[in-house]
Amino acid sequence: MTVATRVFLIDDHHVLRQGIARMLDQEADITVVGQAGDAQSGIRSMEALQPYPDVVVIDLKMPGQSGMSAIADIIAAHPDTRIIVFTMYDNPGYVWSTMNAGARGYLLKSASSSDLLRAVRSVASGGGYLQAEITMPLLRRLVQDARSADDRGALSVREMQILEALADGLSNKMIARTLTITEETVKSHLKKIYEKLGAADRAHAVAIALRQQLIG
């Protein structure tokens, strides 16, 4: 008898999350083992489950810890877990960063139920899944990066987290508290971000990131 794929949902949109859970639970080979409205409570709930979920479907923008940060935490603790990003953001920078962080799939919330089912089954079997609508923008981004004569290096996951925090107007102290790191570490990351983007200061870095679609 085939063991059903264990799925955990993390999304702050309650009605949408409940609808997805009902849809997935109708499938004989998939079972929803839990859900949460934010990343931190989701991570705590999953740690209490035995065995740990096979697949995590997670949004990017939620109150508290971001989905981007949560992906890195989940993969660090449970590297065999397959993660699907389920979001409204089609920004190629987000796709690139989440895949680098360890996500196996990326879908927009406009996706059909059949798209989501295909994604869950694909990543559960060891594959990946990119929704067709975001494939071309991502390819264009890859070509742009490949043609760049001034390649300063890709931003790390932590650098992307700090860049997003800058865009949200957070101070160094607030960024340090949010990411549970020291202010000195934040300053060190900021220096690297400025160097990679060719930015003079915080505002310049955010402006460049927005122009290059690294953040939304």
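In the predicted model, helix H1 passes helix H5 in a right-handed crossing. H1 spans residues 14-25. H5 covers residues 113-124. The two helices pack at an angle of about 65°. Their axes lie 11 Å apart. Angles of 65 to 115 degrees count as roughly perpendicular. H1 and H5 are therefore roughly perpendicular to each other.

H1 also links two strands. The chain runs from strand S1 through H1 to strand S2. This β-α-β crossover is right-handed. S1 comprises residues 5-10, and S2 comprises residues 30-36. The strands pair in the parallel sense. Six bridges join S1 and S2. In this pairing, Phe-8 has Gly-34 of S2 as its bridge partner.

Aromatic contacts were searched for across the whole structure, and one pair was found. The pair consists of Tyr-89 and Tyr-94. Their ring centres are 5.7 Å apart. The ring planes meet at 85°, so the arrangement is edge-to-face. An angle over 60 degrees places a pair in that class.

The two tyrosines were also assigned to accessibility classes. Tyr-89 has a relative accessible area of 27% and is partly exposed. Tyr-94 has a relative accessibility of 1% and counts as buried. The cut-off for burial is under 20% relative accessible area. The edge-to-face pair thus joins a partly exposed ring residue, Tyr-89, to a buried one, Tyr-94.

Methods. Residues are numbered from 1 along each chain as its sequence is written. This is a predicted model: local features need pLDDT of at least 70, side-chain atom pairs count only at pLDDT 80 or more; totals for chains, interfaces and linings use all residues. Side-chain values use heavy atoms; hydrogens and water are left out. Two strands pair if DSSP finds at least two bridges between them. Helices (H or I, at least four residues) and strands (E, at least two) are DSSP runs, numbered from the N terminus. A crossover is right-handed if, with the strands pointing away from the viewer, the path from the first strand over the helix to the second runs clockwise. Rings of Phe, Tyr and Trp (its six-membered ring) pair if their centres lie within 6.5 Å; planes under 30 degrees apart count as stacked, over 60 as edge-to-face and the rest as tilted. Buried means under 20% relative accessible area, exposed over 50%, partly exposed in between (1.4 Å probe, protein chains only). Axes are lines fitted to C-alpha atoms, for helices over the stretch in contact, and angles run from 0 to 180 degrees between N-to-C directions. Angles under 35 degrees count as roughly parallel, over 145 as roughly antiparallel, 65 to 115 as roughly perpendicular and the rest as oblique. A crossing is left-handed if the near helix is turned anticlockwise from the far one by less than a right angle, and right-handed if clockwise.
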